[in-house]
Amino acid sequence: MDTGLVLVRFVHYGATLVLFGLVLFPAYAYPPVAGRAGLRAPAISRSVSLLVLISGIAWFIGVAASMTDGGMSWDTARFIVTETSFGTVSLLRLGAILAAVAILALRFELHTTKLDLVLVALCAILLGSLAEVGHTQVEDGQARAAHTFSDALHLLAAGAWLGGLVGLLRVTFASLYGNGPTNRASEAANRFSTMGYMAVAILVVSGLVNSWFLVGSLANLVTTAYGRLLLLKLVLFAAMVGLAGLNRFLVVPSLLRSAAGGSKQGLRRLLINMVAELTLGSAIVLIVSVLGTTEPAGAS
């Protein structure tokens, strides 16, 4: 296992997931007027987009260097871009992230709903296209198309959840320690929880489809390195769902009641739970980064 390549993949996957969730967050978490106000300060999204760009370039260089003993060169880069699917997809993704960075910079001066929709679409392409550079490419024909589609949905649902958590964390922190209104965090948390139902459902269904392609049999879950890593991922995912359920059915209802009276009671508990969810999510992304460099259990 190439540790450097795994770490670069971890940073790139994590930043891409968060970027999509952040730009999507205002679309469902705020009322229309409040959402427009929230979109006028996208400093976090801009910083994350730069991290996506830098880590994406580093990932390309790492893959190029691993393909030749001579290290990275212009000839190697040209070969990868023109002769491999990884290079073609990387070129598409480079265009998408450069466009996203440009839009995020423009949004400090220019704000339109159409521009926001374009940004969400670009970030969705950027994230979903990661399915084209993974283990989905081992199949052919309809199986490959089905696996790629399922994996893209899996990535988009994960990004909506993890990136949404970052957006909600920012709003909650502002309500608890800043000048943000208390009801903003509680209402956003309630809407985020509703979106979370859809995200979890998509993650479960698409995860089962992906496992069917990559694991092959239940025995491979315990007899192969890939299967054991996948089991660990499932355990962490179950813990995330448990924390999300705790927030949805206990913390958020309490927040909504206290916010009606102007109280900030429960915001600290929500903040702690979200940090725990993000920690578990980061661990899952790290496992996914390792899985991407590990032979699938079904191929063992």
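These are my notebook entries on the helices, two packed pairs and a surface patch of this chain.

**Entry 1, overview.** I noted before anything else that this is a predicted model. I then looked up the secondary structure: the chain has 11 helices and 0 strands. Reading along the sequence, I wrote down α-α-α-α-α-α-α-α-α-α-α as the pattern. I also checked burial over the chain, and of its 300 residues, 47% are buried.

**Entry 2, helix 1 against helix 6.** Two packed helices are described by the angle between their axes and the distance between the axes. I looked these up for helix 1, residues 3-29, and helix 6, residues 113-128. Their angle is about 155° and their axes lie 9 Å apart. Angles over 145 degrees count as roughly antiparallel, so helix 1 and helix 6 are roughly antiparallel to each other. I looked up the handedness too: helix 1 and helix 6 make a left-handed crossing.

**Entry 3, helix 3 against helix 5.** How do helix 3 and helix 5 pack? I found an angle of about 160° between them, with 10 Å between their axes. That angle is also over the 145-degree cut-off, and helix 3 and helix 5 are therefore roughly antiparallel to each other. The crossing of helix 3 and helix 5 came out left-handed.

**Entry 4, the nonpolar patch.** Next I went to the surface. Which residues form a nonpolar patch there? I listed Ile57, Ile61, Leu91, Leu94 and Leu98, which together have about 420 Å² of accessible area. I traced the patch back to its elements: helix 3 (43-66) and helix 5 (85-106) are the ones that give two or more residues to it. Helix 5 gives the most, with 3 residues. I had just noted helix 3 and helix 5 as a packed pair, so the patch draws on both partners of that pair.

**Entry 5, two residues of helix 3.** I picked Ile57 and Leu53 for a closer look. Ile57 lies in helix 3 and is one of the patch residues. Is Ile57 partly exposed or buried? Its relative accessible area is 42%, and because partly exposed covers the range between 20% and 50%, Ile57 is partly exposed. Leu53 is found in helix 3 as well. Its relative accessibility is 17%, and since buried means under 20%, Leu53 counts as buried.

**Entry 6, one C-alpha distance.** I ended with Leu53 and Ala15, which are 38 residues apart along the chain. I wrote down 9.3 Å as the separation of their C-alpha atoms.

Technical notes:
Residues are numbered from 1 along each chain as its sequence is written. This is a predicted model: local features need pLDDT of at least 70, side-chain atom pairs count only at pLDDT 80 or more; totals for chains, interfaces and linings use all residues. Side-chain values use heavy atoms; hydrogens and water are left out. Patches are made of residues with over 30% relative accessible area and no salt bridge: like charges are joined within 9 Å, nonpolar side chains (Val, Leu, Ile, Met, Phe, Trp, Tyr) within 5 Å. Accessible areas come from the Shrake-Rupley method with a 1.4 Å probe; for residues, only the protein chains shown count as cover. A salt bridge is a side-chain nitrogen of Lys or Arg within 4 Å of a carboxyl oxygen of Asp or Glu. Helices (H or I, at least four residues) and strands (E, at least two) are DSSP runs, numbered from the N terminus. Buried means under 20% relative accessible area, exposed over 50%, partly exposed in between (1.4 Å probe, protein chains only). Axes are lines fitted to C-alpha atoms, for helices over the stretch in contact, and angles run from 0 to 180 degrees between N-to-C directions. Angles under 35 degrees count as roughly parallel, over 145 as roughly antiparallel, 65 to 115 as roughly perpendicular and the rest as oblique. A crossing is left-handed if the near helix is turned anticlockwise from the far one by less than a right angle, and right-handed if clockwise.
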